[in-house]
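Colleague: I would like a close look at one chain, with the others brought in where they help. Please spell out the terms, as I am new to this.

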Amino acid sequence: MSTTQETTFQGKIDKGLKIEPRDWMPDKYRTHLIRQISQHAHSEVIGMQPEGNWITRAPSLRAKMVLIAKVQDEAGHGLYLYSACETLGITRDELISQLHTGKAKYSNIFNYPTLTWADIGAIGWLVDGAAIVNQQSLRGTSYGPYSRAMIRICKEESFHQRQGYEIMSKMANGTPEQQEMAQDALDRWWWPSLMMFGPHDLDSAHTSNAMNWKIKRETNDELRQLFVDRSVKQADLIGLKIPDPDLKWNQETRHYEFGEIDWDEFWKVINGDGFCNKERLNNHTTAHTKGQWVREAALAYAEKRNNGVNHE
Amino acid sequence: MADSTLYKYVLSLGDDALVSAQRLAQWTYKAPFLEEDIALSNISLDLFGRANLYLEYAAELKGGNTTADHLAFKRNERQFTNLLICEHPNGNFADTNVRNLFLDTFHKLFLEKLVESKDKQLAAIAEKARKENSYHFRHSSSWVIRLGDGTKESNSKVQTALNNLWMFTGELFEMNKVDLEMSSQKIGVDREALKPQWKSIITDVLTEATLNIPEDVFMTSGGRDGIHTEHLGHLLSDMQYLQRAYPNAAW
Amino acid sequence: MNNNELPLWEVFIQPKTGAQFQHCGSVHAADKEMALQNARDLYTRRQEGTCIWVVKAEHIISSNPDDSESFFDPADDKVYRYPTFFKVSKKAKGL
């Protein structure tokens, strides 16, 4: 690797310029991006499952349409991100195969089950809420295609969190059974949502390079704090209680202090021993395998009709 | 008070859309590739939207406190009057596309007529649905052609789907009392009259797809009278679970 | 590994009539019709367009960023290409 190239590259980043697909970039920058963007894409795609689990049971026509549109957005966001990732010289096939073999990860949060309709509220409110904090920060990321995908995603995501919060507030103000479901969902989803921001910065293998290269713009802990501050107030407003005895307002820092996350659980789920890990991957692999004959047929047809290729 | 004929008519159209939409929604995260997942849920969304319009209108005709949700979530199997083909399980990707092709082709012709309905509200719903449907037809017909003229395997799968679903196509053109009355008042459509054109479009698509039109077989029907295949009960118990389990809750 | 990946197409959308087409991303599709439909379903879910172009990704020719000096710098001293370069009496109208 030439030092001049490296200096030019870092110079661009320091000036806040974007790196584009055909620009020179250090291998480690490329690898880091592929890992991060594909993880992000896989999370969107696997994230369709816990919510998709409730589409057929959504309790009103409106709820059904909103949920389908939301899950569809997740598929769309997965595609924007795959598309950004493919500009780094890796194919969709390779990315999917990395997911299936476990080489690529997706967000832990989707390894938890959606048990009641309130879970759909909790996912929209907390999980999408956490994701949005992260994504807004990533709009300023240094890699052009990734940044453009994030800008588009943030625009579209804005309704997702509102949808979840609306479900939660309806249920929190509903029948005693609904209230119970709402609080139970918050109890189960709160801590995994905090884990979505990743380990403490000191323990994160990837943070330092990612900050220098401006792939990440804020640290895990900064973003997590922002999320906690926002969510506590939102929970108060609809009369739900955050399941953390250590939660308290710090007048000096103007932030909420909160309890320690169970990192053992975090690592356990990442390493495959979460509640739904096997099922989520299995569903994805099955759909992909079952679709094989369809993709083959489409390619064969295109070849015969010379419809997908060069001449017309 | 007995239900009006118009109510029954609108309700049956709403049921067709609702049950089809619910079926297509079951494809979520299971499509052969991600782009197609979005395409199928787009069609499902259009159909839920259409169901909502019909059912809101039906609820208005029914009067009292009836709402579209009430009609969707609080009626049982015998009260649903959708055509049997709508409730047919998704099967594989060929089965779904054949089912869609049969229905989309039918609606292409049906909605063109319903646009001229004397009933302003029905005509307006038809106008909106017509645009959506022409995209749905484009999607299902192009897939049937691809699969038909794709590989040996896909050709055989789509031919099997055609043969299996053919028996449900007769019902599309049946005129029951409600249809006859609505059609004579120029509110509804003469379904029977659509058959030759339907068959000719289907023949064109299948010819391009190198597929065979199935032999005319025994045609099953009953949906409009609430006589359904056993599949509908499961679809409804899934769809209506929350509304039934917590009847006093608002969502 | 061969899972029969469908080819990659780049998608350009015209946001409204008369506007220029803008690149907005890519889709995978086996043929032209599928590429158009997939692009429509993915990139115009919120009425973002009035017209779509799809081009097979392999058909796009890009300049090389390493050539950017020779490609683009020579234009930086051609100020006479801009109307403000010319001093004309304010009284002359219609210019």
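Modeller: The answer below starts with chain C, turns to chain B and ends with some single residues.

This is a predicted model, in which local features need pLDDT of at least 70, side-chain atom pairs count only at pLDDT 80 or more, and totals for chains, interfaces and linings use all residues. Residues are numbered from 1 along each chain as its sequence is written, chains are lettered from A and ligands numbered from 1 in the order in which they are written, and side-chain values use heavy atoms, with hydrogens and water left out.

Chain C contains three strands and two helices. Their order along the sequence is β-β-α-β-α. Helices (H or I, at least four residues) and strands (E, at least two) are DSSP runs, numbered from the N terminus. The radius of gyration of chain C is 21 Å, well over the 12 Å that the globule rule gives for 95 residues, so chain C is more spread out than a compact globule. That radius is taken over C-alpha atoms, and the globule rule is 2.2 Å times the number of residues to the power 0.38. Along the principal axes, the C-alpha atoms of chain C fill a box of roughly 65 × 35 × 20 Å.

Burial comes next. In chain C, 31% of the 95 residues count as buried. Buried means under 20% relative accessible area, exposed over 50%, and partly exposed in between (1.4 Å probe, protein chains only). Among contacts in chain C with a separation of 6 or more, 41% are between residues 24 or more positions apart; a contact means heavy atoms within 4.5 Å. The accessible surface of chain C is about 6500 Å², and carbon and sulfur atoms hold 54% of that surface. Such areas come from the Shrake-Rupley method with a 1.4 Å probe, and for residues only the protein chains shown count as cover.

Chain C has 12 positive and 13 negative charges, whose mean positions are 18 Å apart. Lys and Arg count as positive and Asp and Glu as negative, while His and the chain ends are not counted. Each charge is placed at NZ of Lys, CZ of Arg, CG of Asp or CD of Glu.

Now chain B, described in the same terms. Chain B has 11 helices and zero strands. Its radius of gyration is 18 Å, which agrees with the value near 18 Å for a compact globule of 251 residues. The box filled by the C-alpha atoms of chain B is roughly 55 × 40 × 30 Å along the principal axes. Buried residues make up 61% of chain B, and 80% of its contacts with a separation of 6 or more join residues 24 or more positions apart. The mean positions of the 27 positive and 34 negative charges of chain B are 3 Å apart.

Some single residues remain. Lys186(B) is in the loop between helix H8 (177–184) and helix H9 (195–208) of chain B. Lys186(B) has a positive phi of about 60° although it is not a glycine, and its relative accessible area of 55% makes it exposed. In chain A, Arg254(A) also has a positive phi of about 60°.

A disulfide is a pair of cysteine sulfur atoms within 2.5 Å, and the count over all chains is zero. For Cys85(A), the closest cysteine sulfur is in Cys154(A), 18 Å away, too far for a bond. Cys85(A) is buried at 0% relative accessible area.
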